[in-house]
Every structure is written in C-alpha cells, then in structure tokens.
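Thanks for making time this morning; I would like to walk you through one structure that may be new to most of you. Please have a look at it first, and then I will go through a few of its features in turn.

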Amino acid sequence: MPGTITADLPEAIARAQASLARYQHALGPGPDSDPAIDAAWTLHRDVAALLPAALALLAERDDLARRLETARRDPLTGLPTRAAFTAAAEQLLTTAAAPAALMLDLVDFKAVNDTYGHQAGDAVLAAVGRRLADWAGPAAACGRLGGDEFTAVLDTDSTDLPERIAKLRGLLEQPVEHDGQVLAVGASIGTATRTPDHPDLGLSALLHAADQAMYADKGRGRRGRRQTTPAHTLAA
C-alpha cells in the first residue's frame, strides 16, 4: 500500500547507506583507471549524495503533513474546521444510506463569557466538541463552524433521530466544571434529512435546512417552551 511504502522509506534508505559503505570498501580507495570501476565509483558517489537529500525531503514532507493536519483542526475543540468538515461530509454523503445533517449553537453561552471570562467559555466549547464527537461516533463528520456553532452529518435511521438528538441535548446540557465554577449552557439543535422524492440533495441544502430548523428551535426556547426533541426539516 502507498502509505506503507512511504513509511518504510527511511528504513530502506538507511539500509542503502549501509550497503554503499560496504560497496565503497569493496571498490577500494578511489577512482581507478579501469572504466568499469571508475563508473561504479561515480554511481556510488551520486547515490550516496542523493540518499541524505531523500531523507531531508521525507522529513520536510512529514512536517508539512503535521502542519496541514493542525490547520484542518480547530485547536480548541479538536474538531475539523469548516473546510475539513465539508470535505468529510461530502464524502460521507456519497455512501450514507440515510444521511442526516445537524446544526447547533449554544444557549446562554454569551453569559458564560461575560460572567466568568473567555477561558471559561473556551472550556465550555472544548467540552461541547468532545461530547458532540463522542455522541456522533467515528463514522460521522463533525465540525466547529466558528464561535459557538457546531455541525455534524451522520448516517442514521430517521425514525431514531429524535431519540438520538434528545440524548445529545442531555449531554450538552450537563454542566462544565472550570476553575472551581460550574458552567451551565443549553443548546438549540436543528436537523434535516433527505426526502424520498429528493434522495440526492447535497450538503449545502441539508445544512441550510438544518440551520432553519435550529433557528426555529431557538425561537421556541426563547418563548420558554423547552423542547425534548429538536426542530426537524425534511430538506426538499
């Protein structure tokens, strides 16, 4: 496999360098009047120079890969950023039998920041990211879109979705402990699924529908009628 081959390259280069050292001893002290030996010495010198350069390139590639992965992750929550989430969600939509999109933002999050400071707010966001990722599972695509807005796309039976979202709401409403304080927030959640008449709706349409459902849920929360299940939209 390509990844395995790449991972074995440093070891292969080290073996090649050891072989070159033995080959140099067999060749003798230096270039010879014999054209064959002289050509062998030239080849030896060129390969010996290339191997360290190859190792340096591999190190640069690994460093670039680490930096790219860091850039694709929100440093606070560990969730994918918007671009990374979009790529993962688009891929999931190509294989999911019953995809559902979710949008959520936090209720009373501003009060946490204003009362306890931004470090407390960061602790809440980090906890929300962990809880969302644990709830959705490794097969789902989750992301932080910015601020206190999060999203997910998962493959789930729509009949089970209300119960699953109710469980997520309960998880998100569990208080977060930070620096001796108990921080409480709620969540407005909206979901959207494809309809039988529109089985190929794209990510943008699903997220838009979920966003509308989230704002409907937010409005109900403000009027004091707390929902045990989220607002839901059949995207069309």
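Before I turn to the core, a definition: a nonpolar core here is a set of buried Ala, Val, Leu, Ile, Met, Phe, Trp, Tyr and Cys residues that are joined through side-chain atoms within 4.5 Å. I should also say at once that what you are looking at is a predicted model.

With that in mind, the largest nonpolar core holds 29 residues, and the members that touch the most other members are Leu104, Val124 and Leu132. Two or more residues come from each of several elements, namely strands S1 (99-107), S3 (149-155) and S6 (186-194), together with helices H4 (109-116), H5 (118-136) and H6 (161-172). Among these, H5 gives the most, with 8 residues. There is also a second, separate core of 17 residues, and Phe85, Leu93, Ala192 and Leu203 are included in it.

Let me stay with Leu104 for a moment. Leaving aside residues up to four places away in sequence, Leu104 touches a list of residues that includes Leu132, Phe150, Leu168, Leu172, Ile189 and Met214, and also Asp148, Glu149 and Ser188.

Next, the strands, and in particular S3: is this strand largely enclosed or not, and why? S3 is largely enclosed by the rest of the structure, because 6 of its 7 residues are buried. S3 pairs with S1 in the antiparallel sense over 7 bridges, and within S3 it is Glu149 that stands opposite Asp105. S3 is also joined by 5 bridges to strand S2 (residues 141-146), and these two again run antiparallel, with Thr151 in S3 as the bridge partner of Gly143. The hairpin of S2 and S3 has 2 residues between the strands, and there Gly147 takes a positive phi near 55°.

Now to Gln181, which is found in strand S5 (residues 181-183). Gln181 counts as partly exposed because its relative accessibility is 36%. Not counting residues up to four places away in sequence, Gln181 touches Tyr116 and Val176; Tyr116 is 65 residues apart from Gln181 along the chain, yet their C-alpha atoms are separated by 8.4 Å.

Finally, a word on the aromatic rings: how many aromatic pairs does a search of the whole structure find? The search finds 0. One ring does have a charged residue over its face, however, since Arg164 lies over Trp135, at 4.7 Å from the ring centre.

Key: Residues are numbered from 1 along each chain as its sequence is written. This is a predicted model: local features need pLDDT of at least 70, side-chain atom pairs count only at pLDDT 80 or more; totals for chains, interfaces and linings use all residues. Side-chain values use heavy atoms; hydrogens and water are left out. Rings of Phe, Tyr and Trp (its six-membered ring) pair if their centres lie within 6.5 Å; planes under 30 degrees apart count as stacked, over 60 as edge-to-face and the rest as tilted. A charge sits over a ring if NZ of Lys or CZ of Arg is within 6 Å of the ring centre and within 35 degrees of the ring normal. Buried means under 20% relative accessible area, exposed over 50%, partly exposed in between (1.4 Å probe, protein chains only). Helices (H or I, at least four residues) and strands (E, at least two) are DSSP runs, numbered from the N terminus. Contact means heavy atoms within 4.5 Å. Two strands pair if DSSP finds at least two bridges between them.
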